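Got the viewer open? Load the model, pick a cartoon view, and keep the selection box handy. We'll go from the whole fold to a handful of charged side chains.

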Amino acid sequence: MNDSAKESKKLLEWSEIEIKTLDMLGQTVDRAEDLRRVFDAERKGEGRPAMLVKISAEIRSLDRQISTFMAEIQVDSGPKVSSRHLKAATARWDPARRAGEY
C-alpha cells in the first residue's frame, strides 16, 4: 500500500490508462537497458564512433519517453498540476509575495 492510500485510508487503484502506461514504461525501460548493454559491448569491442552515436541517440530518446510515461502516472490521490499552470500561478503570485501583498 502506498503512502497516499495509507493517508486516505482507502485502497487506491491504477486506471486502465495508467496500467497501459505502466506496461509501456516497463517495455521502454527494458529496451533502454538492452541498448545500454549493446553500447557497452560496442565500446569495449570495435568502438565505432558512428555506431556509438546512433546507440546514444536512441538511449536518449528512450530516456525521454520514460520521463514522459512517468509524468503520466498519478501516484498520489491529489490532482495533477501541469507545469504550465504552476508556472503561470507562480508568475502571478510571486511578485505579490515579494511586495508583501498576498
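Before selecting anything, one term: helices here are DSSP runs of H or I with at least four residues, numbered from the N terminus. Keep in mind too that this is a predicted model.

**Stop one: the whole chain.** Colour by secondary structure and you get 4 helices and 0 strands. Walking from the N terminus, the order of elements is α-α-α-α. Now switch on a surface: the accessible area comes to about 8300 Å², and carbon and sulfur atoms own 55% of that. Of the 102 residues, 17% count as buried. If you like contact maps, take the contacts between residues at least 6 apart in sequence: 60% of them join residues at least 24 apart.

**Stop two: helix α2, first pair.** Select residues 16–44, which is helix α2, and show Arg37 and Asp34 as sticks. Their side chains meet in a salt bridge, 2.4 Å from N to O. How far apart in sequence are Arg37 and Asp34? They sit 3 residues apart, about one turn of the helix. Put the surface back on for a moment: Arg37 counts as exposed because its relative accessibility is 52%, and the cut-off for exposed is over 50%. Asp34 comes out as partly exposed, with 40%.

**Stop three: helix α2, second pair.** Stay on the helix and select Arg43 and Asp40, again 3 residues apart, about one turn. Here the side chains meet in a salt bridge at 3.3 Å, N to O. Asp40 is partly exposed, at 31% relative accessible area.

**Stop four: the network.** Next, select Glu42 and Arg48. They form a salt bridge, and the closest N and O atoms are 2.9 Å apart. Add Glu46 to the selection: salt bridges with shared partners tie Glu42, Glu46 and Arg48 into one network. Is Glu42 buried or exposed? Glu42 counts as buried, since its relative accessibility is 10% and buried means under 20%. Its partner Arg48, at 38%, is partly exposed.

**Last look.** Zoom out and display every salt bridge in the structure: there are 5 of them. Among them are the Arg37–Asp34 bridge, the Arg43–Asp40 bridge and the Glu42–Arg48 bridge.

How values were computed. Residues are numbered from 1 along each chain as its sequence is written. This is a predicted model: local features need pLDDT of at least 70, side-chain atom pairs count only at pLDDT 80 or more; totals for chains, interfaces and linings use all residues. Side-chain values use heavy atoms; hydrogens and water are left out. A salt bridge is a side-chain nitrogen of Lys or Arg within 4 Å of a carboxyl oxygen of Asp or Glu. Helices (H or I, at least four residues) and strands (E, at least two) are DSSP runs, numbered from the N terminus. Buried means under 20% relative accessible area, exposed over 50%, partly exposed in between (1.4 Å probe, protein chains only). Contact means heavy atoms within 4.5 Å. Accessible areas come from the Shrake-Rupley method with a 1.4 Å probe; for residues, only the protein chains shown count as cover.
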